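Open your viewer and get ready to click through a few side chains. Each stop tells you what to select and what you will find there.

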Amino acid sequence: MDSKKLEQLASDVDAIKKFLVIDLISRGFSQDEIGKLMGIGQSAVSEMFPGGILKKAKTLNRA
């Protein structure tokens, strides 16, 4: 696999991780719980989404 394909694959995996984090947040999981599931710290989860996006995601299933 060439480096361009590997970069695209890495980008796709990153996007999938972010989608899953938003889904779990909207289902009521905490950043700490998600971090433990992913094998990373809570701060790493938070840093994936600057600008308070995760706070907004918490309200997705409450509407």
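Start by selecting aspartate 23, which is partly exposed at a relative accessible area of 27%. Here buried means under 20% relative accessible area, exposed means over 50%, and partly exposed lies in between (1.4 Å probe, protein chains only). This is a predicted model, where local features need pLDDT of at least 70 and side-chain atom pairs count only at pLDDT 80 or more, while totals for chains, interfaces and linings use all residues. Residues are numbered from 1 along each chain as its sequence is written, and side-chain values use heavy atoms, with hydrogens and water left out.

Now add arginine 27 to the selection. Which residue does arginine 27 form a salt bridge with? Its partner is aspartate 23, with the closest N and O atoms 2.9 Å apart. A salt bridge here is a side-chain nitrogen of Lys or Arg within 4 Å of a carboxyl oxygen of Asp or Glu. Arginine 27 is exposed, with a relative accessible area of 58%. As background, side chains of opposite charge can pair when their charged atoms come close.

How many salt bridges does the structure hold? There are three, so two stops of this kind remain. For the next one, select lysine 18 and aspartate 14, whose side chains meet at 3.7 Å, N to O. Both lie in helix H1 (residues 3–26), four residues apart, or about one turn of the helix. Helices are DSSP runs (H or I, at least four residues), numbered from the N terminus. Lysine 18 is partly exposed at 29% relative accessibility, and aspartate 14 is also partly exposed, at 35%.

Stay on H1 and pick valine 13. This residue is partly exposed, at 39% relative accessibility. Add Met1, Leu6 and Leu9: together with Val13 they form a nonpolar patch on the surface, with about 400 Å² of accessible area. Patches are made of residues with over 30% relative accessible area and no salt bridge; like charges are joined within 9 Å, and nonpolar side chains (Val, Leu, Ile, Met, Phe, Trp, Tyr) within 5 Å. The areas come from the Shrake-Rupley method with a 1.4 Å probe, and for residues only the protein chains shown count as cover.

Next, move to helix H2 (residues 31–38) and select aspartate 32 and lysine 36, which are four residues apart there. Their side chains meet in a salt bridge of 3.3 Å, N to O. Is aspartate 32 buried or partly exposed? It is partly exposed, at 38% relative accessibility, whereas lysine 36 is exposed at 62%.

Now colour Gln31, Ile34 and Gly35, which are buried in H2. Seen down the helix axis, the buried residues of H2 fall within an arc of 100 degrees, so they line one face of the helix. That arc is taken from the directions from the helix axis to the C-beta atoms. Turn to the face away from this buried side, and you will find the exposed residues Lys36 and Leu37. What covers the buried residues of H2? The cover includes H1, helix H3 (42–47) and helix H4 (53–57).

Finish around methionine 38, also placed in H2. Methionine 38 is partly exposed at 32% relative accessibility. Leaving aside residues up to four places away in sequence, it touches Lys17 and Val21, where contact means heavy atoms within 4.5 Å. For a distance check, pick the C-alpha atoms of methionine 38 and methionine 48: these residues are ten apart along the chain, and the atoms are separated by 13 Å. Your last click is glycine 39, just after H2, which takes a positive phi of about 75 degrees.

Technical notes
Helix = DSSP H or I, 4+ residues; strand = E, 2+ residues; numbered from the N terminus.
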